[in-house]
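Please open the structure in your viewer and keep the selection panel at hand. The stops below are given in the order in which they may be selected.

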Amino acid sequence: MPIGAVVTDDRTLGDTTTTVILADEAPESRPPQEPRSLVPRPSRSDVVFRSVAFSAGGVTVAIMLAVGLFLSIRAGSAIQVAGLDFLFEQKWSPETGEFGIAAVLFGTIMIAVIAICISVPLALGTSLLISEVMSGRLKQWSITLVDLMAAVPSVVFGLWGVFFLQEGIIPVSRWISTYFGWIPFFAVTDQEGTALTDASAFTSSAFIAGIVVGLMVVPTQTSIMREAFMQAPAGEREAAYALGSTRWGMIGAVVLPFGRGGIIGGTMLGLGRALGETIAVYMIISPIFAINWQVLKTGGNSVSALIALRYGEASEFALSALMAAGLVLFLITLVINFAASSIVARSRSGAESEA
Amino acid sequence: MSLTTYEPDLADEELEAATEIRTSIPVREGIEIGPRRRIRSARLDDRFALLGAAAGAMAIAILLFGWIAPLSGVVGFVVVAFLAFVAIYALLVNTTSDGREMVDRVMTLVLASAGVVLFSALLFVVTFTLLRGLPALMNLNFFFQDMEFAGPLDGLDVGGVAHAIVGTLIQIGIALAISIPLGIVTALFLNEIGGRFARFVRTIVDAMTALPSIVAGLFVYSAVILGIGAERSGFAAALAITVMMLPIIVRASDVVLRLVAGNLREASYALGASRWRTVWHVVLPTARSGLVTAIILGTARGIGETSPVLLTSGITSVMNTNPFHGPMTSLPLQVFDFVRSPEPNFIARGFGTAAVLMLLVLALFAVARVIGGRGPGDLSPRQRRAAQARSKGDLERYEERAAVRRLEATVEPQEEPK
């Protein structure tokens with residue numbers, strides 16, 4: 001075939017006629033092309049960007065891992081001495097070798113549970129109110145207000161707890177202990193088992209610390225739950241309404257199932273913060289080193305308050321014991337946060353089905 | 001040999017048919033549009049039911065507390081009144097509607113009361129602090145003096161928290177200087193580069209978001225002060241705050257960057273931009289407001305933390321502007337220190353310091369709204385004028401060029417136009 005010749009070939013495929021032009025071009029004018037590589041060759045700025053970003057990620061992870069590493073190293077000597085007893089001993093006197101976190105860990109969990117019992121109903125109700133009932137400018141204002149409240153420093157809540165709630169809550173505590181004293185948690189008794197009604201028996205209790213910490217974590221929880229509820233698909237909401245549902249029926253059938261991940265995740269994130277709260281608990285509670293089942297009775301403790309209380313006067317070994325306590329707290333919050341974020345992440349993928 | 005295939009247009013006739021029935025806007029003239037219906041509005045009897053239930057509940061509560069039962073206390077009164085209110089309201093609604101609607105109304109009431117309780121409690125906490133702190137805030141020296149020469153019995157006109165304000169600003173400044181670049185670049189790494197390592201980083205950062213502040217303090221105490229042997233200083237406190245803030249900033253920025261629309265990125269790549277150019281000119285400007293919010297969230301958490309500063313820096317009543325030497329107190333720590341004293345003046349100073357701290361956080365939020373309040377592409381009036389001026393300049397340039405080209409074409413007519 002001569003170079004540059006154009007061959008026209010009419011072929012018939014079914015009822016369509018296809019014209020094929022076969023063009024042969026001069027090899028020297030356009031060399032045969034090899035298949036183009038589809039892998040991009042990064043420019044220099046991209047190489048720099050990639051490596052900088054990669055190292056930033058590495059540094060971030062290194063810092064986070066270093067937290068666990070350093071605590072473990074420092075805690076080593078104390079844990080070697082105490083062994084498994086560290087988890088079951090209530091006393092805290094590292095100088096005599098008798099120390100453990102049973103009491104403080106119990107106190108921490110008790111305060112966190114009280115906080116969650118108070119904060120979750122409030123957060124759930126408020127987030128549903130904001131996402132489902134409110135509309136227009138009021139809604140925007142409420143969202144902003146909740147976000148702003150999430151930024152109120154914990155020491156402010158601590159101040160309120162010490163200077164207002166300590167006295168304000170005594171009648172309520174006394175009333176609960178009088179009428180619900182038959183429930184072991186709510187009884188306030190001395191060692192012989194006689195009921196106490198003295199005002200001083202009700203101050204500085206785990207209950208007060210729990211209320212304060214609960215109020216502190218409510219805005220965070222509300223914010224997370226509201227976000228999850230607002231992602232509930234509009235199509236399904238309208239479908240529920242079209243089937244004759246009331247608003248509450250729609251919330252029960254659409255919003256709550258879709259926001260379940262947000263509810264659980266928000267609750268657990270709040271729990272994580274409540275477990276780690278230091279200064280408000282430290283300001284309110286009067287520290288004791290014994291397991292106190294009576295939540296309304298004065299005295300309690302938490303791991304973080306213990307650390308803040310004792311680090312200043314601690315010898316090297318006592319410091320190691322405090323580090324061990326911090327390590328336990330760290331591991332607990334790590335597990336809770338990890339569970340929370342995985343639950344939230346899993347629920348998010350489902351909620352994006354329809355806008 | 002290259003092969004090119006032509007296909008004759010089979011759909012010629014169909015196309016012609018299609019052009020005849022084009023999509024068109026329906027004529028709306030002559031259609032009457034009534035007044036817009038209000039979907040959500042309360043009927044008159046709803047309002048009466050609410051009012052009646054409120055009146056009845058008050059009556060019952062007053063009756064119970066005043067005459068019948070030996071009850072007392074403000075909290076008890078409110079609780080009884082609220083329960084009576086809900087019960088009477090449910091009964092009233094039940095007279096006109098079925099059970100399902102009654103449940104709906106009552107639950108709406110419960111939601112609203114949860115909101116009222118929450119907002120009033122939080123606002124009460126804040127206003128309580130502001131009001132108790134007012135006596136201290138009224139003295140201007142509170143903002144400009146430190147506590148070096150203020151004795152325990154001195155009045156509020158001596159001494160202040162300038163050292164704590166300066167300490168807070170220095171510490172948070174150092175913490176931000178580290179955590180903003182590191183946090184945002186890490187978030188970019190998670191989103192723009194990805195891969196298995198990025199997933200690992202994201203998992204770790206997620207798990208660290210609610211790192212207890214005291215643990216961050218302990219970490220820096222053991223790593224920097226015990227490990228390296230550095231003294232307790234403002235810089236150590238800043239490091240502890242950084243450890244706390246970093247996961248919060250990374251996570252919040254990660255969420256924001258994930259929301260940047262993929263087609264914006266693809267458009268940029270399609271125009272031939274490199275990855276870095278795309279990040280710098282498309283991703284970051286689009287996510288700007290969200291990134292500012294992320295930073296502010298982290299800052300607000302970091303600025304209010306007491307325990308890391310307590311562990312790593314310590315309390316002082318003297319102004320210290322050197323972050324590498326000597327204890328440097330911060331506002332929350334100063335609050336904590338003040339209220340440990342039984343002196344009423346010190347307690348008032350504590351509340352005043354807490355008020356200053358809250359005002360600082362509020363100011364941060366205001367700044368964030370000014371910087372990052374606008375969405376992507378949403379310009380301020382000044383920026384809009386600038387963009388218009390640029391656009392006008394472009395137009396003039398095009399016209400000038402076109403004129404030059406016309407001129408060239410007339411001068412050298414033999415040259416073929418490209």
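The tour begins with a whole chain, passes to its interface, and ends with individual side chains.

**Chain B as a whole.** The model on display is a predicted one. Select chain B and colour it by secondary structure: there are 16 helices and one strand. Of the 418 residues in chain B, 43% are buried. Switching to a surface representation shows an accessible area of about 23,600 Å², with 63% of it belonging to carbon and sulfur atoms. Among contacts in chain B with a separation of 6 or more, 69% join residues 24 or more positions apart.

**The interface with chain A.** Next, display chain A together with chain B. Here 93 residues of chain B are in contact with 90 residues of chain A. The two chains bury about 8,100 Å² between them, and carbon and sulfur atoms account for 79% of that area. Ten residue pairs are in polar contact between chain B and chain A, whereas zero salt bridges are found across this interface. Select helix H4 (residues 99–137) of chain B, which gives the most to the side of chain B that touches chain A, with 22 residues. By class, that side of chain B has 64 nonpolar, 16 polar and 13 charged residues.

**Salt bridges within chain B.** Remain on helix H4 and show the side chains of Glu101(B) and Arg105(B), which meet in a salt bridge at 2.8 Å, N to O. These two residues are four apart in the helix, about one turn. Glu101(B) is partly exposed at 21% relative accessibility, while Arg105(B) is buried at 17%.

Move then to Arg265(B) and Glu192(B), whose closest N and O atoms are 2.9 Å apart in a salt bridge. Because Arg265(B) lies in helix H10 and Glu192(B) in helix H6, the pair ties together parts that are 73 residues apart in sequence. Both residues are buried.

A further salt bridge joins Asp206(B) to Arg251(B), at 3.4 Å between the closest N and O atoms. Asp206(B) belongs to helix H7 and Arg251(B) to helix H9, so this pair ties together parts 45 residues apart in sequence. Asp206(B) and Arg251(B) are both buried. Select also Arg202(B), Asp254(B) and Arg258(B), which are linked in a network of salt bridges.

**Ser313(B).** Finally, centre the view on Ser313(B), in the loop between helix H13 (307–312) and helix H14 (331–338) of chain B. Is this residue buried or exposed? Ser313(B) is buried, with a relative accessible area of 1%. A polar atom of the Ser313(B) side chain lies 2.5 Å from the backbone oxygen of Met328(B). Beyond its neighbours within four places in sequence, Ser313(B) is in contact with residues including Gln171(B), Arg232(B) and Pro327(B).

Conventions. Residues are numbered from 1 along each chain as its sequence is written. Chains are lettered from A and ligands numbered from 1 in the order in which they are written. This is a predicted model: local features need pLDDT of at least 70, side-chain atom pairs count only at pLDDT 80 or more; totals for chains, interfaces and linings use all residues. Side-chain values use heavy atoms; hydrogens and water are left out. Buried means under 20% relative accessible area, exposed over 50%, partly exposed in between (1.4 Å probe, protein chains only). A polar contact is a pair of N or O atoms within 3.5 Å; within protein, one must be able to donate a hydrogen and the other to accept it, and residues adjacent in sequence count only if both atoms are side-chain atoms. Contact means heavy atoms within 4.5 Å. Buried area is the accessible area (1.4 Å probe) that two parts lose on being put together, summed over both. A salt bridge is a side-chain nitrogen of Lys or Arg within 4 Å of a carboxyl oxygen of Asp or Glu. Ala, Val, Leu, Ile, Met, Phe, Trp, Tyr, Cys and Pro count as nonpolar, Asp, Glu, Lys and Arg as charged, and the others, Gly among them, as polar. Accessible areas come from the Shrake-Rupley method with a 1.4 Å probe; for residues, only the protein chains shown count as cover.
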